[in-house]
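Reader: Please take one helix-helix contact in this model and describe it closely. Keep to what the coordinates show.

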Amino acid sequence: MSDSSPVPLRAAVVAVQLPGVDDQAFAASIAELRRLGRTLGVNVVATVTQRRKTLHPAALFGSGKLAQLQALTGRTAAELAGEDGEESPELDASADDAGDDDGGEIDDPRIEGAEAGALAAPIEAVLVDHDISPSQARNLEKATGVEVLDRTAVILEIFRRHARSRAAKAQVEIVRLQYMVPRLREQGKGKDRQRGGIGGKGAGESSLELDRRKIRDRIAELTKELEAMAEEQRTQRARRHDMSRVALVGYTNAGKSTLMRALTGSEVLVADRLFATLDTTVRPLVPATRPRVLLSDTVGFIDKLPHGLVNSFKSTLDEALEAGLLLQVVDASDPNFERQLQVTTEVLAEIGAGDVPRLLLFNKIDRVGSPEAEEAATRALTERWPEAMVLSARRPDDVAQLHKRLVSFFNRDLVEGKVHVPYDRQQLRGEIFASCEVLEESYDDAGVIFRVRARPELLERLQATP
Ligand SMILES: Nc1nc2c(ncn2[C@@H]2O[C@H](COP(=O)(O)OP(=O)(O)OP(=O)(O)O)[C@@H](O)[C@H]2O)c(=O)[nH]1
Ligand SMILES: [Mg+2]
């Protein structure tokens, strides 16, 4: 199989519905994995689900379900077992809990697309909507004979493809390598399959060649590189320390970058795909305000975000931590928005941004439907979240109103005072005009006296400057 094939890979999504996961949440999670797959150019043509009490450590599915999945690969269990010269461990392991197969209601594999009844062509990959262990993945690969990616692997691959800056690339690379370490032995034991596919293992790169020590060295090297970059970023942030800063945060695809564009006139990337933005961008509000308000756009969140990714993007997310205000953007047109809001709130707490003042923005209200539906949705949202703003990033009036609200938020903190700038220190003049609202300018023998409105910390610093 060539890894540069322009034809989308055909895949099946598999998921186990565990107790405590309701139908809606289960369906939403699967739908999200399909979207993640599409972002990688993977066409999900079937979904195989099963209810089980727990995730079995070795076998994800019971034998009946596994047979259905195997059928989608266009080969029989016997063929698949014969190919590997041994019995499928997935089938063995599922013998003890075969009863589970009948334990709950089971979907038949859903065939997507027009031709119901049978798949037009066999699947070439399996996407699992869980984080599975290396042995679960290995067993499933053996049983199906196709590439298996769990949710983490799918997200990591998207991050790898979308990373642009040196820092983002290094961050993703570290997490990917960490993900690979426990899986190396598994792959090393069997024959190394030099096939192309989704997981970035193609292009002649053999996982055997990369032994663990080499990987650890590489991780250490990347970590050092990142630390140097973080230092640089810290210096840059320190320079913005006295300024009014707002950070856009929220679920992936909520419309953060669209709002960034609308509020700052910048050309950041907007795309209808998951994790379009991985790098942080900082721009001043436009129309310009005095003092300046800086807005930052950054990576989005997702349910079951791989833990390493949250950690590795922490320095990127520091921008959010240091902001005076977070704009928590929610896609109000997504049926699953409440869960997305919850996930975002949890991640914010996890990175230590739980206490930063926050303004909830229910975005994409233009997408909910008719004017009546929109009105009803707006009413319901404001009833439940009275402090929130309901808006559409595509409506200039809404954006103007948000702009106003940001300005008045920071205005509340401003204090009035005088700054004396000696004639030989006129370089301060530029900084004062950029960072303060200048109310009056007068002169004495020694220099210029500015009467300004500014953030208290800034005013103190300016007044202390000799
Ligand atoms: N109808 C409508 N579409 C919107 C609105 N805001 C954003 N979109 C669309 O939603 C999609 C995602 O928007 P982005 O701004 O890229 O979303 P994001 O939050 O930056 O997403 P990530 O960078 O992936 O985390 C794009 O296709 C936008 O055009 C809105 O208010 N109304
Ligand atoms: Mg974005």
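Author: Leu428, Glu431, Ile432 and Ser435 of helix 16 are in contact with Leu458, Arg461 and Leu462 of helix 17, where contact means heavy atoms within 4.5 Å. The residues of this contact divide into four nonpolar, one polar and two charged; Ala, Val, Leu, Ile, Met, Phe, Trp, Tyr, Cys and Pro count as nonpolar, Asp, Glu, Lys and Arg as charged, and the others, Gly among them, as polar. The model is predicted: local features need pLDDT of at least 70, side-chain atom pairs count only at pLDDT 80 or more, and totals for chains, interfaces and linings use all residues. Residues are numbered from 1 along each chain as its sequence is written, chains are lettered from A and ligands numbered from 1 in the order in which they are written, and side-chain values use heavy atoms, without hydrogens and water.

Helix 16 spans residues 428-435 and helix 17 residues 456-464; helices are DSSP runs (H or I, at least four residues), numbered from the N terminus. The two pack at an angle of about 165°, with their axes 12 Å apart. Axes are lines fitted to C-alpha atoms over the stretch in contact, and angles run from 0 to 180 degrees between N-to-C directions. Helix 16 is therefore roughly antiparallel to helix 17, a term for angles over 145 degrees. The crossing of helix 16 past helix 17 is left-handed, that is, the near helix is turned anticlockwise from the far one by less than a right angle.

Terms used. Parallel < 35°, antiparallel > 145°, perpendicular 65-115°, else oblique.
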